[in-house]
Each structure stands twice: as structure tokens, then as C-alpha cells.
Amino acid sequence: MTRSNTPRFSLRQIFFLAALFFITIPCWPQWEKKTPPPPPPKILPPGITLTDITAKLHLTLPAIEHPQNAQTLLKQITPSEYSLEFARNVLIPAIGGSVAAADLDGSGYSDLYVVVPGGSNHFFHNLHNGAFADVTSKAGLAGTGSDLSATFGDYDHSGHASLFVAGLDGVRVYHNNGDGTFTDVTEKAGIKKTPGELATSALLFDAEGNGGLDLLITTYTDLNAPPSKPSFLFPNNFASANSHLYHNQGDGTFREISADSGLNENPGRTHIALAADFTHSGHVDLLMLRDNKPPVLFRNTGNAKFEDATWKAGEDDWKYAYLDGQLADFDHDGKVDLALWSTIGNQVLMNQGDGKLEQAETFPIVFAANRAFGFHGITADLKGDGYDDMLMADNNGDWHYIANNHGQFGLAQVTLYSGASGKTQGAKSPFPELASLTPVRLQKSGKITLIGVRTDGRIITLEVRKAPIKATHTSPAR
């Protein structure tokens with residue numbers, strides 16, 4: 001018979017253990033219920049302050065006598081009142097102007113060309129002392145009164161950047177004579193003028209990889225061909241148009257190659273084109289942004305031949321008709337990314353390096369400005385850390401600053417200060433209503449300055465400063 005190893009207790013021992021248990025219960029420590037400590041403070045990205053320094057730089061411009069605005073474009077137009085002169089005097093000024101900047105004398109200081117549709121353009125020379133002088137008359141650059149944008153570029157290897165101005169009837173070329181004056185050489189350069197055609201921008205890029213600057217003229221519509229309707233709206237009811245690509249022949253002249261380039265396969269009302277090697281093929285591609293169609297990405301197959309590669313880049317990325325866009329390498333991986341603005345939604349597309357673009361996961365939602373023209377957004381290194389941030393406007397006219405932390409995005413505060421009275425306040429948005437805003441380094445080694453054209457044709461210059469980092473505490477859940 002096997003003896004069990006299970007311990008046996010007498011009845012006396014059981015009673016003793018039970019008594020000991022009940023005696024020691026009051027001696028157990030009583031844990032006090034405490035409120036959990038607050039979470040560590042959440043560090044917000046540093047914001048920025050914008051200070052109006054327009055008067056300080058001597059960049060004031062007279063207001064347009066009869067300014068137009070976005071409300072002008074909401075009015076129905078009848079065929080009896082419409083004409084090319086009506087478009088010149090009413091519609092084009094409502095689109096608004098822009099600013100082009102370039103270091104024309106190699107001094108490290110940028111000069112400025114301000115385009116004012118409905119008024120006179122202005123050329124400002126940088127005096128290298130924190131101020132500018134208006135030298136428009138001497139330079140011969142007053143423009144036509146129907147211009148929309150401009151860009152500088154040394155297309156003839158003269159050592160001096162000439163000026164290309166886009167607007168009604170196409171693009172005009174003003175050759176830099178090297179002595180502070182410019183000469184209109186449009187016809188001599190081989191650029192065709194098309195009466196009524198509205199050019200929105202001139203893009204200089206090397207389409208063929210031969211070191212020369214070719215010219216793309218983005219075209220919006222033909223104002224000589226209004227809609228055949230009892231009444232119509234601009235721009236909603238106006239037709240698409242083909243843009244124009246010109247080959248630089250190396251002798252100071254251009255030759256149009258639009259028909260052979262493949263760019264006429266998908267016309268639209270084009271606002272702007274962006275040039276970059278999106279597909280890492282060694283050739284410069286083109287992204288065309290139109291307001292009546294989604295963007296089209298033209299892949300450069302070599303020798304200025306282009307094919308539509310939009311859907312290959314990611315079919316989910318082209319949701320809207322984008323009005324504006326800018327290039328940036330947001331995460332410093334050596335690949336060109338995109339910031340895009342539309343009337344419905346804004347987004348950042350990160351380049352994956354294989355011809356694909358994907359939406360940035362951390363990009364915050366900012367409601368878009370629902371208008372065909374005017375300031376929508378910019379990219380620039382606003383906080384001075386080498387990474388491009390974003391500043392954009394919403395439909396209420398408020399501005400939103402999106403800080404870029406090594407490719408991760410977050411909303412931060414932006415505050416506007418007027419030059420004389422301190423912080424701008426009021427029931428309406430404190431931010432000015434702008435046709436455009438351009439980031440410029442007025443000195444080569446200086447900080448970014450924002451130069452804008454108001455809807456009334458006046459100029460505004462904003463100095464950017466980084467605000468202190470703020471910490472906020474979150475209340476614990478109850």
C-alpha cells in the first residue's frame with residue numbers, strides 16, 4: 001500500500017490558520033487612489049510671423065484705377081457685351097499679377113519684375129542696401145497692360161538673363177542688353193504671336209538635353225473664340241487650348257515643335273507647367289496643371305518627344321483639376337516631390353523613385369480656396385532649416401502654415417504683423433487678398449522674403465521669422 005505525500009492538518013491547526021488570516025487583514029496596506037499624472041507636454045512645431053516691410057524696401061506701387069477681383073468672374077457675360085477689348089479690360093485684370101526675381105548682375109542680390117494686368121508692369125533694381133529703385137522706364141519694361149506672368153533666363157548664352165513675359169497674344173521676349181536696358185526681340189527670336197490667345201506662363205527648360213533652354217508657352221484659352229451661348233462665364237465656359245513648345249536653335253532663335261512633340265494630345269486650360277525628371281530617365285518631364293481637367297504628366301522619351309504617363313505615376317493621385325503646384329524635395333531623398341493646389345483639395349505627392357507618386361501620409365487637411373485664380377499656396381524653407389515648408393490660403397482667406405520636419409508635416413501658427421500698427425486684427429481674415437505670392441531671396445545668403453501682388457495691383461513684401469516653440473498640456477481623461 002502506497003502512502004500519500006499530501007500534507008495532513010489537524011482540526012486544531014486549521015482553526016489556528018483561519019484566525020491568523022482574519023487578524024492580519026486590517027494590517028494590509030491600504031492603497032490610496034491617486035489622479036494619474038498629466039501626460040508630458042506636446043511640443044508644437046515652431047510657427048512663423050510675417051511682418052510687412054514693403055515701405056522699408058521702397059517697393060510701393062500705385063493701385064490700379066479700376067481694379068477687378070474674383071467677383072468679376074462670377075458675372076454672366078452676354079455676346080453683345082463681349083469683345084477682345086472687354087476681355088483685355090475686365091477679365092484679364094481679374095486674374096491678377098505675379099512677381100519674377102533674378103540676380104541680373106551677378107552681385108548676389110535679386111532684382112524684381114512685377115506684372116500687373118490692367119496696369120503697368122514695374123522693374124525694380126536691387127540697390128544692395130536694403131532698398132529698391134524703380135527703373136522700369138529706363139529698362140523699357142512697362143509691358144502691355146495685359147500680361148500675367150514673367151520669367152528670366154539666359155536663352156542665348158549671352159551671360160545676361162533676358163525676360164519672357166506671358167499674357168494676351170502669347171509670349172514676348174525682352175533681350176537683356178547688359179546695360180540695364182531690354183529690347184523686344186519677339187519676332188526676331190521666332191516666337192509667334194497669336195491674337196486672342198491667352199498665355200499663362202513661359203517655362204524655360206532643356207527639353208532635349210543639349211544644354212540649351214527650350215521654351216514652353218502654357219496656353220489657357222483663345223479669347224477670340226467666346227462660347228456660343230446666350231450668356232456665359234469666364235473661365236468656366238471657355239474652351240481648352242494647346243500649349244506651344246519651341247526648340248532653341250542655339251543662335252538666339254526658336255522654332256516651334258509642338259506638333260511633333262506629342263504635347264498636343266491632351267489640351268486643357270493650362271495654368272502652369274512644372275519641369276523635372278520625375279521618372280529618373282535622365283530626361284526632363286512635364287506636368288501640366290489645368291483647371292478644367294486633371295493634370296497630365298508627359299514623360300520625356302528623348303529628343304523632346306513626350307508621351308502621356310499620367311496613370312502610370314499613380315491613378316489615385318490625380319483626383320482634381322489642379323490650379324497650381326510647386327516642386328520640392330521634402331524629405332531630402334534626392335527625388336522631386338510635388339505640392340498641388342485645387343479648388344477642392346490640396347495634397348503633397350512623394351516621389352517613390354520608380355515613376356510613381358504617392359500621397360504624403362502626414363499631410364494635414366486644409367480646406368482649399370474655391371477660386372479659379374489668386375493665391376493658393378507656396379513651398380519654401382520658411383523656418384530656415386533646409387526643409388521646404390508650405391503656406392496656403394483657404395476659402396475664408398485665412399492662411400495656414402504647414403511645417404516640414406524631415407518629410408513629416410504638421411500645422412503650426414502663422415501671425416501677420418503690419419509695418420506700423422503691430423498685429424493685424426479684425427472680424428475678417430487679417431491676411432491680404434492676393435493674386436500671387438512668391439518666395440524670394442533678396443540676397444544670395446539671406447532668408448526667404450515673401451513678395452505678393454494684391455488683387456488691386458499693389459505689392460506687399462513680408463519678412464519671415466520663426467516664432468518660439470510652444471508646449472501645450474493635454475488634460476487627462478476622466
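Start with the whole chain: its secondary structure comes to four helices and 32 strands. Keep in mind as you click around that this is a predicted model. Colour by burial and you'll find that 49% of the 478 residues count as buried. Switch on the surface: the chain exposes about 23700 Å², with carbon and sulfur atoms supplying 52% of it. If you draw contacts between residues at least 6 apart in sequence, 53% of them join residues at least 24 apart.

**Stop 1: helix α2**

Select residues 84–95. This is helix α2, twelve residues reaching 15 Å from first C-alpha to last, close to the 16 Å expected at 1.5 Å a residue. Now show the side chains of Phe86, Ala87, Val90, Leu91, Ile92, Pro93, Ala94 and Ile95, which are the buried residues of α2. What do they pack against? Look for β7 (147–153), β11 (197–205) and β29. Step just past the helix to Gly96, where phi is positive, near 95 degrees.

**Stop 2: β3 and β4**

Keep going along the chain to residues 98–102. That's strand β3, and it is mostly covered, with four of its five residues buried. Add residues 111–115 to the selection: this is strand β4, which pairs with β3 in the antiparallel sense over five bridges. To find one of the facing pairs, pick Ala102 and look across to Asp111 in β4.

**Stop 3: Phe164**

Next, select residues 162–167, strand β8, and find Phe164 in it. Is Phe164 buried or exposed? Its relative accessibility is 0%, so Phe164 counts as buried. Show what surrounds Phe164: leaving aside neighbours within four places in sequence, its contacts are Ser149, Ala150, Thr151, Gly153, Tyr155, Val171, Arg172, Val173, Ala202, Leu204, Leu215 and Phe254. Try the distance tool on Phe164 and Thr151, which sit 13 residues apart in sequence and 5.4 Å apart in space, C-alpha to C-alpha.

**Stop 4: the β15–β18 sheet**

Move on to a four-stranded open sheet, with the order β15-β16-β17-β18 and antiparallel pairing. Which strands stand at the edges? They are β15 (270–276) and β18 (305–308); each has a single partner strand, so one side of each is left without a neighbour in the sheet. Turn the view to look across the strands, and you can follow a twist that averages 25 degrees from one strand to the next. Zoom in on residues 296–302, strand β17, which pairs with β18 in the antiparallel sense over four bridges. Here Asn300 stands opposite Phe306 in β18.

**Stop 5: the β23–β26 sheet**

Now for another open sheet of four strands, in the order β23-β24-β25-β26, again with antiparallel pairing. The edges belong to β23 and β26 (408–412), each with a single partner strand, so one side of each lacks a neighbour in the sheet. Neighbouring strands here are turned by 20 degrees against each other on average, direction ignored.

Select β23, residues 377–380. Both of its faces are covered: Gly377 and Thr379 are buried on one side, Ile378 and Ala380 on the other. That fits a general pattern: in a regular strand the side chains alternate between the two faces of the sheet. Then add β24 (residues 389–393), which runs antiparallel to β23 and is joined to it by four bridges. Two pairs to pick out are Ile378 with its bridge partner Leu391, and Ala380 with its bridge partner Asp389.

**Stop 6: the nonpolar cores**

Hold on to Leu391 and widen the view. The largest nonpolar core has 22 residues, and those touching the most other members are Leu50, Leu382, Leu391, Trp399 and Leu450. Strands that each supply at least two residues of this core include β2 (48–52), β23, β24, β25 (399–405), β27 (414–418), β29 (434–441), β30 (448–454) and β31 (459–466). Nonpolar side chains tend to be buried together in soluble globular proteins.

Centre on Trp399 and show its neighbours. Not counting residues up to four places away in sequence, Trp399 touches Leu50, Phe375, Leu391, Met392, Ala393, Val414, Phe431, Pro432, Leu434, Leu437 and Leu462.

For a last selection, take Tyr82, Phe86, Leu198 and Phe234. They are among the 19 residues of another core, lying apart from the largest one. You've met Phe86 already, as one of the buried residues of α2.

Note on methods: Residues are numbered from 1 along each chain as its sequence is written. This is a predicted model: local features need pLDDT of at least 70, side-chain atom pairs count only at pLDDT 80 or more; totals for chains, interfaces and linings use all residues. Side-chain values use heavy atoms; hydrogens and water are left out. Two strands pair if DSSP finds at least two bridges between them. Axes are lines fitted to C-alpha atoms, for helices over the stretch in contact, and angles run from 0 to 180 degrees between N-to-C directions. Buried means under 20% relative accessible area, exposed over 50%, partly exposed in between (1.4 Å probe, protein chains only). Contact means heavy atoms within 4.5 Å. Accessible areas come from the Shrake-Rupley method with a 1.4 Å probe; for residues, only the protein chains shown count as cover. A nonpolar core is a set of buried Ala, Val, Leu, Ile, Met, Phe, Trp, Tyr and Cys residues joined through side-chain atoms within 4.5 Å. The expected span of a helix is 1.5 Å times one less than its number of residues.
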